[in-house]
Amino acid sequence: MGKVVLVTGAARQLGGRFVRRIQRDPDVDRVIAVDAVAPSQQLGDADFVRVDIRQPAIARVLAAHAVDTVVHLDVSGKTLGAGGRTTIKETNVIGTMQLLGVCQKSPTVRRLVIKSSTSVYGSAPRDPAVFTETTPPKSLPSGGFAKDAVEVEGYVRGFARRRPDVAVCVLRFANILGPDADSPLADYLALPVLPTVFGYDPRLQFVHEDDVIDVLRIASYEPRRGTLNSGTFNIAGDGVLLLSQCARRLGRPTMPVPLPAVTWVGQALRTIGMTDFSPEQIRLLTHGRVVSTVQMRETLGFHPRFTTAETFAAFVRGVGPGLLPPETVGRAVDRLAALPFAGGTGEVPVSTGAGDTQPTPGAR
């Protein structure tokens, strides 16, 4: 008999894609798709079970189908359907606790894959230039999805100690983007004007949706020869982009806001429902975050098809053109940056194409 894979969060865009992809693998006998709401997308031949992972009914699903592989994707920073922050926190934390408790008692479960986030490292002014999987955060996330992810990983470590016979793989994804990205950061980048923190230009990393599906498949199977897919891995595309570069490539002007006033802007955007400009996202857009992917390549054996820049280019094509051509945005930002009151030298940087620029000789 082939593998029986249970996938949580199947009603979400990413979960639905993974369900459709993995059921085509010849080694997979059945796919059980689980979510608390009915999916709006087709799930192919998968068996969809409408069940809330916060409820004990999830135990009957695992037992009835003799599930041996659980892929937990219902850990998200964005609500699906009705409900606010309280609902999503309960699903992330309480739902994960319930699911792990059921897996611990199941005699058939042999592999567990958890979707996590690099947000567990937080974003602080004294952060290291690059986080590895073992780097402790300088400041633990105090709330929001980042805190949920920290709690989820804590429960997963406890499960791994109690069930050493189960192979556990935690994938810490950088910001997921692509043509169909659905996340708070994607909503922010789709705004006609991007509020930014005055005086800061954070470094960002992205991972393409297609690479997310590929690495989830690697984590769901027995490790390939010379690799190990149990443990915790950072997942991100090569390279980094500055927020200013992202704005230029999008063709969207920025609106620098003093740090104390950014919270007010975030509250206003949340109130009108444009984007969830949460405190954790504000910290990311202030200090940025970059992670090492050495273990992803050398231990897990996964090599992304898309770099950070290529991932962002795919997102730009999906989100559509901004208010202004990228070159126009780049020239305007450069002129502002060169003004003496902005800390510049009065020299205008030289354009390098694609809306990005580099300083002229002597410029800071």
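## Sheet, helix H6 and salt bridges

Helix H6 (residues 209-220) lies across S1, S4, strand S5 (111-117), strand S6 (167-173) and S11. Against S6, helix H6 runs at about 165°. The model is predicted.

The strands under discussion belong to one sheet. This open sheet has seven strands, in the order S3-S2-S1-S4-S5-S6-S11, and the pairing is parallel. Strand S3 (47-50) and strand S11 (231-235) are the edge strands, each pairing on one side only. On average, neighbouring strands of this sheet are turned by 20° against each other, direction ignored.

One pairing can be followed in detail. Strand S1 (residues 3-8) pairs with strand S4 (residues 69-72) in the parallel sense, over four bridges. Val-5 has Thr-69 in S4 as its bridge partner.

Now the charged side chains. The count of salt bridges comes to 18. The table gives three pairs, each with the N to O distance.

| Pair | Distance, N to O |
|---|---|
| Arg-21 and Asp-25 | 2.7 Å |
| Arg-111 and Glu-222 | 3.9 Å |
| Glu-153 and Arg-172 | 2.6 Å |

Take Arg-21 and Asp-25 to begin with. Arg-21 forms a salt bridge with Asp-25. Arg-21 counts as partly exposed, at 23% relative accessibility. Asp-25 is buried, with a relative accessible area of 6%.

Which parts of the chain does the pair of Arg-111 and Glu-222 tie together? The side chains of Arg-111 and Glu-222 meet in a salt bridge. Arg-111 lies in strand S5 and Glu-222 in the loop between H6 and S11, so the pair ties together parts that are 111 residues apart in sequence. Both S5 and S11 are among the strands that helix H6 lies across. Arg-111 counts as buried, at 4% relative accessibility. Glu-222 is exposed, with a relative accessible area of 59%.

Glu-153 and Arg-172 also meet through their side chains in a salt bridge. This pair links distant parts of the chain, 19 residues apart: Glu-153 is in helix H4 (residues 144-162) and Arg-172 in strand S6. Is Glu-153 buried or exposed? Glu-153 is buried, with a relative accessible area of 5%. Arg-172 is buried as well, with a relative accessible area of 8%.

Salt bridges also form a network. Arg-17, Glu-209 and Asp-210 are linked in this way. Helix H6 covers residues 209-220.

Key
Residues numbered from 1 in each chain as written. Predicted model: local features only at pLDDT ≥ 70, side-chain atom pairs only at ≥ 80, totals over all residues. Heavy atoms only, no water. Pairing = 2+ DSSP bridges. Helix = DSSP H or I, 4+ residues; strand = E, 2+ residues; numbered from the N terminus. Axes fitted to C-alpha atoms, helices over the stretch in contact; angles between N-to-C directions. Contact = heavy atoms within 4.5 Å. Salt bridge = Lys/Arg side-chain N within 4 Å of Asp/Glu carboxyl O. Buried < 20%, exposed > 50% of the residue type's maximum accessible area, 1.4 Å probe, protein only.
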